[in-house]
Amino acid sequence: MAFSLTLNYTYSHSIDNVSVAANSIASGQGFGYICDVVRPRECRGNSDFNVTNYLNGNFIYDLPFGKGKAYAATAPFWLNEIIAAGS
């Protein structure tokens, strides 16, 4: 029997002055532009894709059914394949 757990956490902050999604509508060209070439920090702010907290994870739990396991260890091949496909 096996159990595996993976958790990932990211804390971040994305800042820019050329978010493509926001500027593609304004420019009509499908790409971003700097709003003030002389003072590029004037339009600086959070990116459109800014995600401060991001948590994801997954787990795997091997069930005790099928060939070589505690339950249905002597199951025929066809039944073992059904059990393996369901887990």
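Q: What makes Phe3, Leu5, Leu7, Tyr9, Tyr11, Leu55, Phe59, Tyr61, Leu63, Phe65 and Tyr71 a nonpolar patch on the surface?
A: Together they have about 1300 Å² of accessible area (Shrake-Rupley method, 1.4 Å probe, only the protein chains shown count as cover). A patch takes residues with over 30% relative accessible area and no salt bridge, and nonpolar side chains are joined within 5 Å. A salt bridge would be a side-chain nitrogen of Lys or Arg within 4 Å of a carboxyl oxygen of Asp or Glu. This is a predicted model, with local features needing pLDDT of at least 70, side-chain atom pairs pLDDT 80 or more, and totals for chains, interfaces and linings using all residues. Residues are numbered from 1 along each chain, and side-chain values use heavy atoms, without hydrogens and water.

Q: Which strand gives the most to the nonpolar patch?
A: That's strand 1, with five residues; strands are DSSP runs of E, at least two residues, and helices are runs of H or I, at least four.

Q: Why is Phe65 called partly exposed?
A: Its relative accessibility is 44%. Buried means under 20%, exposed over 50%, and partly exposed in between, so Phe65 counts as partly exposed. Phe65 sits in the loop between strand 4 and helix 2 (77-86).

Q: Why does Ala72 count as partly exposed?
A: Because its relative accessibility is 35%, Ala72 counts as partly exposed. Ala72 is also in the loop between strand 4 and helix 2, and its phi is near 60 degrees, a positive value in a residue other than glycine.

Q: What joins the side chains of Ser14 and Ser47?
A: A polar contact of 2.7 Å. The cut-off is N or O atoms within 3.5 Å, where one must be able to donate a hydrogen and the other to accept it, so the pair counts as a polar contact.

How values were computed. Patches are made of residues with over 30% relative accessible area and no salt bridge: like charges are joined within 9 Å, nonpolar side chains (Val, Leu, Ile, Met, Phe, Trp, Tyr) within 5 Å. Buried means under 20% relative accessible area, exposed over 50%, partly exposed in between (1.4 Å probe, protein chains only).
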